[in-house]
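Hi,

Here is the structure I promised to pass on. Have a look at it first, then read my notes underneath.

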Amino acid sequence: MGSVASERTVVGWAARDASGHLSPYTYTLRKTGPEDVAVKVLYCGICHTDIHQAKNELGASKYPMVPGHEVVGEVVEVGPEVTKYRAGDVVSVGVIVGCCRECRPCKANVEQYCNKKIWSYNDVYTDGRPTQGGFSSAMIVDQKFVVKVPAGLAPEQAAPLLCAGVTVYSPLKHFGLMAPGLRGGILGLGGVGHMGVKVAKSMGHHVTVISSSGKKRTEAMEHLGADAYLVSSDADQMAAAADSLDYIIDTIPVHHPLETYLALLKLDGKHILMGVIGQPLSFVTPMVMLGRKSITGSFIGSMDETEEVLQFCVDKGLTSQIEVVKMDYVNQALERLERNDVRYRLVVDVAGSNIETPPDRSTASDLA
Ligand SMILES: NC(=O)C1=CN([C@@H]2O[C@H](COP(=O)(O)OP(=O)(O)OC[C@H]3O[C@@H](n4cnc5c(N)ncnc54)[C@H](OP(=O)(O)O)[C@@H]3O)[C@@H](O)[C@H]2O)C=CC1
Ligand SMILES: O=C/C=C/c1ccc(O)c(O)c1
Ligand SMILES: [Zn+2]
Ligand SMILES: [Zn+2]
């Protein structure tokens with residue numbers, strides 16, 4: 001790593017096209033600005049959004065693209081106006097790295113809803129450079145978008161909280177769904193869903209997992225602590241659970257009918273959409289009118305909520321269920337995530353993967 005005065009050459013793993021295949025990519029980072037924090041990446045979680053983006057499923061992907069937005073790293077340098085961080089601190093970075101600071105969402109400290117927010121990758125920074133994410137040896141990030149990892153939280157454990165964790169914490173807080181005794185449904189037991197079970201259980205909720213198969217039943221009930229488990233294709237199970245839930249956190253990443261699930265909600269129940277789905281979802285209006293139900297959505301969480309969820313996990317002794325892999329496994333990892341073969345979050349050990357060391361070309365299979 002260089003000094004404040006110099007640009008840094010780093011290595012990331014980038015997608016080059018909509019195949020989504022990642023391979024080593026060398027690029028430069030901006031100089032550490034007055035309010036910037038230079039972070040050596042230690043770990044980065046793999047979110048389903050990384051697949052949506054790398055494979056251009058949202059239709060706006062730019063290449064080369066270094067994905068990764070559940071980033072935990074070590075501060076190696078700070079700009080002269082940075083007061084909250086210093087070299088050696090373990091910090092984290094999530095989905096956004098910039099906002100306008102002037103609009104209503106920014107003034108209300110919900111900067112994730114700023115129309116001028118800057119995504120941590122597949123976006124353009126204020127200096128005109130492409131932003132690149134956490135599957136990289138280092139990132140330079142404005143201090144506003146850096147959160148300290150509290151003592152008591154292992155860095156690899158913190159990674160899934162930067163997206164999956166705060167994504168479930170934020171709507172539960174915003175919609176007044178933190179009270180003990182509530183009955184919640186977690187639809188889709190993946191990275192976001194398993195954090196949903198854990199966070200909701202820590203709030204004292206009765207939690208029902210609604211899954212596409214029975215394969216995760218034992219783990220959900222015995223290890224994650226869910227209270228009930230429904231297989232969504234089992235009409236009898238679903239009918240028996242009608243009118244029983246205060247909310248559903250819907251994490252399914254593909255098109256799906258809503259009516260099956262709306263029937264599970266009680267009066268005033270909320271169906272909270274999380275999945276990024278490019279096709280219109282449909283439902284008939286009586287499904288929401290008869291029961292005054294709401295269909296809503298939520299996008300990650302604010303910087304304040306990110307700080308809160310990290311501390312919440314320390315206070316509650318809450319851990320994520322992760323599988324740590326090296327960077328040369330990232331393509332297999334993405335394939336496994338796509339075919340629903342992950343229990344429940346893959347985290348790349350970036351610092352332990354020596355990605356700045358050129359691999360032996362005679363044996364490396366991932367050099368495109
Ligand atoms: N709104 C936001 O701010 C955020 C949105 N996201 C989005 O949320 C979604 C989930 O992300 P993540 O948890 O990382 O993804 P995962 O792939 O880890 O989990 C998704 C889960 O949905 C279920 N599922 C997958 N495919 C299907 C299918 N074809 N039909 C029905 N169910 C399916 C599976 O659960 P099961 O086996 O139980 O059926 C799977 O484990 C993605 O679209 C992602 O982009 C992610 C983070 C933040
Ligand atoms: O994983 C985090 C990002 C989620 C996301 C939500 C909505 C949207 O349009 C995206 O492009 C990403
Ligand atoms: Zn994510
Ligand atoms: Zn703004």
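Let's start where the two domains meet: 16 residues of domain 1 are in contact with 11 residues of domain 2. On the domain 1 side, helix α1 brings the largest share, three residues. That side is a mix of eight nonpolar, five polar and three charged residues. If you want to find the domains on your screen, domain 1 is made of residues 8–163 plus 321–353, while domain 2 runs over 165–297. Their centres, taken over C-alpha atoms, are 28 Å apart.

Before going further, keep in mind that this is a predicted model.

Now zoom out to the whole chain. I count 11 helices and 17 strands in its secondary structure. The C-alpha trace spans about 65 × 50 × 40 Å along its principal axes. Is that what you'd expect for a compact globule? Well, a compact globule of 368 residues would have a radius of gyration near 21 Å, and the chain's 20 Å agrees with that. Of those 368 residues, 45% count as buried. Also, if you take the contacts between residues at least 6 apart in sequence, 68% of them join residues at least 24 apart.

Next, the inside. Nonpolar side chains tend to be buried together in soluble globular proteins. Here, the largest nonpolar core has 96 residues, and Val 37 and Val 39 have the most contacts inside it. Strand β3 (residues 36–46) gives the most to this core, eight residues. Both domain 1 and domain 2 put at least three residues each into the core. Try clicking on Val 39: leaving out residues up to four places away in sequence, its partners are Gly 73, Glu 74, Val 75, Val 91, Val 93, Ala 138, Met 139 and Val 141.

Last, the ligands. Ligand 1 has 30 residues around it, and the closest are His 48, Gly 188, Gly 190, Ser 212 and Pro 253. Helices α1 (48–54) and α5 (191–202) each supply at least two residues of this shell, and each of the two domains gives at least three. By type, the shell has 13 nonpolar residues, 16 polar ones and one charged.

And which residues are around ligand 2? They are Cys 47, Thr 49, Leu 58, Val 95, Cys 163, Val 276, Phe 299 and Ile 300. Seven of this shell are nonpolar, one is polar and none is charged.

Have fun exploring!

Note on methods:
Residues are numbered from 1 along each chain as its sequence is written. Chains are lettered from A and ligands numbered from 1 in the order in which they are written. This is a predicted model: local features need pLDDT of at least 70, side-chain atom pairs count only at pLDDT 80 or more; totals for chains, interfaces and linings use all residues. A residue is near a molecule or strand if its C-beta atom, placed from the backbone, lies within 6 Å of it. Helices (H or I, at least four residues) and strands (E, at least two) are DSSP runs, numbered from the N terminus. Ala, Val, Leu, Ile, Met, Phe, Trp, Tyr, Cys and Pro count as nonpolar, Asp, Glu, Lys and Arg as charged, and the others, Gly among them, as polar. Domain bounds come from an automatic or database domain assignment. A nonpolar core is a set of buried Ala, Val, Leu, Ile, Met, Phe, Trp, Tyr and Cys residues joined through C-beta atoms within 7 Å. A residue is buried if 20 or more other C-beta atoms lie within 10 Å of its own, exposed if 12 or fewer, and partly exposed in between; C-beta atoms are placed from the backbone. Two residues are in contact if their C-beta atoms, placed from the backbone, lie within 7 Å. The radius of gyration is taken over C-alpha atoms; the globule rule is 2.2 Å times the number of residues to the power 0.38.
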